[in-house]
Amino acid sequence: MTAETVLTTPAVAGKDLDAIAAILRGRRTAVLTGAGVSTDSGIPDYRGAGAPVRVPMTFQTFLADERARKRYWAGSHLGWHRFRAAEPNLGHRSLVALEDAGLVSGVVTQNVDGLHTRAGSRHVVDLHGSMDLVVCLSCGQAFGRDSIAARLEAHNPVLADPDQVEIAPDGDAIVVDIDDFVVPDCSVCGGLLKPNVVFFGELVPTGKFTAASALVRAADALIIAGSSLAVNSGIRLLELARRRKLPIVVINRGVTKGDGRAQIKLEAGTSETFAGLVTRLIES
């Protein structure tokens with residue numbers, strides 16, 4: 001570990017929050033968030049303690065394997081019901097307060113749950129897309145997820161009870177019996193439909209990364225929260241901040257690939273940390 005300061009506490013200590021607040025005070029801060037920010041909303045982390053080992057759907061498999069597509073759509077549909085029921089947590093709401101106060105310039109999120117936007121954050125770059133849209137890979141037509149969900153349930157009565165499922169941060173779920181599963185196609189051209197999220201093996205859209213990079217370039221500091229930075233797009237944004245010599249704060253339970261490049265690494269939950277920063281930067 002080569003971070004300048006490593007703060008390790010079972011709960012967030014006041015002195016640790018004071019140290020982070022001292023770095024951020026007077027600076028417009030960009031925030032990069034990962035799955036750890038949504039765990040308090042009931043959406044599990046990929047790599048946190050106790051997270052099961054799983055192999056996410058890759059873009060190549062989705063295109064090439066009809067049975068894999070059926071399994072993905074069955075699981076994704078069940079996971080979508082749980083995503084839609086999730087509510088923004090204290091961490092999401094605290095980021096809104098920091099943005100309203102002019103302290104946070106925007107949020108780049110690796111999450112696909114839409115909770116930052118639902119909480120009220122105005123400047124959000126959903127780097128990996130959002131589960132609330134479905135796109136046709138042939139003609140580009142976009143559909144609201146609810147309309148595709150209704151078609152899935154009409155074709156597949158087995159989906160009527162979505163409660164007893166285990167979901168993942170990308171909205172997938174484990175489903176075994178999918179041989180007779182029917183996947184709807186594009187109602188415009190008959191092409192393959194895909195949730196509007198970036199699969200493993202798929203590139204982040206250029207426009208999204210450009211918007212995220214612009215947010216970091218315009219900031220005076222960067223917070224990375226709830227992400228292990230295992231995905232290359234997050235590392236690229238971290239490196240952009242490091243090259244600009246921005247103060248970098250990493251908030252995550254567990255090791256991240258950015259620990260050695262952070263001015264402060266805080267081992268703590270994101271909800272209580274952001275709430276504590278609201279107290280020190282706005283309410284004090």
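Colleague: In this predicted model, is Y72 buried or exposed, and at what relative accessible area?

Modeller: The model is a predicted one, and the assignment rests on a cut-off, since a residue counts as buried under 20% relative accessible area. Y72 falls under that limit and is therefore buried, with a relative accessible area of 2%.

Colleague: Which geometry do the rings of Y72 and W73 adopt?

Modeller: A pair of aromatic rings is described by the distance of the centres and the angle of the planes. For Y72 and W73 the centres lie 6.3 Å apart and the planes stand at 75 degrees. Planes over 60 degrees apart count as edge-to-face, so the pair of Y72 and W73 is edge-to-face.

Colleague: Which residues form one aromatic cluster together with Y72?

Modeller: The structure holds 4 aromatic pairs, and W73, which takes part in the pair with Y72, is buried at 1% relative accessibility. The cluster that contains Y72 also includes F62, W73 and F199.

Colleague: Which residue lies over the face of F199, and at what distance from the ring centre?

Modeller: F199 belongs to the aromatic cluster with F62, Y72 and W73, and its face is covered by K194. A comparable question arises for F209, where the charged end of R236 sits over the ring, 3.8 Å from its centre. For F199, the residue is K194, at 4.6 Å from the ring centre.

Colleague: In what order do the 3 strands of the open sheet lie?

Modeller: The pairing in this sheet is antiparallel, and the edge strands, each pairing on one side only, are β6 (142–144) and β7 (193–197). Strand β5 (residues 129–136) is joined to β6 by 3 bridges, with F143 in β6 as the bridge partner of V134. The order is β6-β5-β7.

Colleague: Which strands does helix α6 touch, and what angle does its direction make with that of β6?

Modeller: Helix α3 (residues 66–85) lies across β5 and β7, running at about 45 degrees to β7. Helix α6 (residues 145–155) also packs on the sheet, touching β5, β6 and β7, and its direction makes with that of β6 an angle of about 75 degrees.

Colleague: Where is H128 placed, and is H128 buried or exposed?

Modeller: UniProt lists H128 for "active site" in an unreviewed entry, and the residue is located in the loop between β4 (124–126) and β5. Leaving aside neighbours within four places in sequence, H128 is in contact with residues including T109, Q110, N196 and S233. With a relative accessible area of 11%, H128 is buried.

Notes
Residues numbered from 1 in each chain as written. Predicted model: local features only at pLDDT ≥ 70, side-chain atom pairs only at ≥ 80, totals over all residues. Heavy atoms only, no water. Pairing = 2+ DSSP bridges. Helix = DSSP H or I, 4+ residues; strand = E, 2+ residues; numbered from the N terminus. Contact = heavy atoms within 4.5 Å. Axes fitted to C-alpha atoms, helices over the stretch in contact; angles between N-to-C directions. Phe/Tyr/Trp six-rings, centres within 6.5 Å; stacked < 30°, edge-to-face > 60°. Buried < 20%, exposed > 50% of the residue type's maximum accessible area, 1.4 Å probe, protein only. Lys NZ or Arg CZ within 6 Å of the ring centre and 35° of its normal. UniProt positions renumbered as here; feature names shortened; annotations may be inferred.
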